[in-house]
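Student: Could you take me through one spot in this protein up close? I'd like to see what sits around a single residue, and then hear a bit about the rings.

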Amino acid sequence: MIKNLFFLGSILLGSTIMAQNVVFNENFDSEETQNLWTIGDRDGDNDTWEFVDAVEAESPSFSGSFAWSWSWYFEALTPDNTLTSPLIALPEGELELSFKVSAADDELFEEHYAVYVIPANSTFTGNETAVYEETLDAGYFEVAKTVKVDISDFAGQDVQLVFRHYDCTDVLFIGIDDVKIEQSDLAVDNVTRTKAVVYKENEVVKIKGFDNVQKIKVFDLTGKKIIETNQSEVNISNFSKGIYIVNFYNDKEVVSRKIIK
């Protein structure tokens, strides 16, 4: 039925550049690859992730097919829906997960979701630590938000991705598309290139290589939002010692990294 995240970045300067190797790429346009994903309905309401054509769904932020999950459909829904990838063999090296996410409407957008990387063939329990989590903000209906997450901690492992739509109700729907994992390869060249780098300077967390930062959100490893600021850097001097996820937002993309306090 049609229903419609101290410092894991790196910087390479001078004669060394980053070449990106695609490890995994899913645009949901093929029924064959759609069938490799596992759909879960943890709340048991028989309403969960589906694959839909963007034209039929009247969703301008995507092309081809994408995955969507609803929090309202002629009645309020309280989803806990999971979309789990097939097994992905991650190589060694620096790895970045990226995906596009969109809301259903310019006024109805506060869908909550998280992304997890779990060991291949394990059972998702909901108690795992997300690599990225947020409640969608406005502005991602006409053009989808691109999220980029460093997942280098999982290098060399066989894993699966879990997209979880939950902890919200009575909004509309969330869409996911263009899921990609890329490996950074060191190559010798005469060109200078900079990758987005998150770093800490006198208890202030900053980013290089990512322009026009409009907002920062910091979460602990349980997914609880610790602070949100409309600045391009954030002071963490008052934080307790631990590991946090810091999300940097500009008008189109999000860079998500872990930091240690």
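Tutor: Sure, let's zoom in on K261. Setting aside neighbours within four places in sequence, K261 is in contact with K200, E203, I236, S237, F239, S240, K241, G242 and Y244. Keep in mind that this is a predicted model. As for where we are along the chain, K261 lies in the segment after β19, the strand spanning 253-260. One of those contacts, G242, is 19 residues away in sequence, yet the C-alpha atoms of K261 and G242 are 5.4 Å apart in space.

Now look at what the side chain of K261 is up to. Its partner E203 meets it side chain to side chain, in a polar contact of 2.7 Å. The K261 side chain also reaches the backbone oxygen of S237, at 3.4 Å. And is K261 buried or exposed? Its relative accessible area is 22%, and buried means under 20%, so K261 counts as partly exposed.

On to the rings. Searching the whole structure turns up 18 aromatic pairs. One of them is W72 with F74, a tilted pair with 5.8 Å between centres and 45 degrees between planes. F74 also pairs with Y73: the centres are 4.8 Å apart and the planes sit at 75 degrees, so this pair is edge-to-face. F74 itself is exposed, at 66% relative accessible area, while W72 is partly exposed at 31%. Elsewhere, ring pairs link F24, F28, W37, F51, F99, Y113, Y132 and F163 into a cluster.

Lysines meet rings here too: the charged end of K208 sits over the ring of Y199, 5.1 Å from its centre.

Note on methods. Residues numbered from 1 in each chain as written. Predicted model: local features only at pLDDT ≥ 70, side-chain atom pairs only at ≥ 80, totals over all residues. Heavy atoms only, no water. Helix = DSSP H or I, 4+ residues; strand = E, 2+ residues; numbered from the N terminus. Buried < 20%, exposed > 50% of the residue type's maximum accessible area, 1.4 Å probe, protein only. Contact = heavy atoms within 4.5 Å. Polar contact = N/O pair within 3.5 Å; in protein donor to acceptor, adjacent residues only side chain to side chain. Phe/Tyr/Trp six-rings, centres within 6.5 Å; stacked < 30°, edge-to-face > 60°. Lys NZ or Arg CZ within 6 Å of the ring centre and 35° of its normal.
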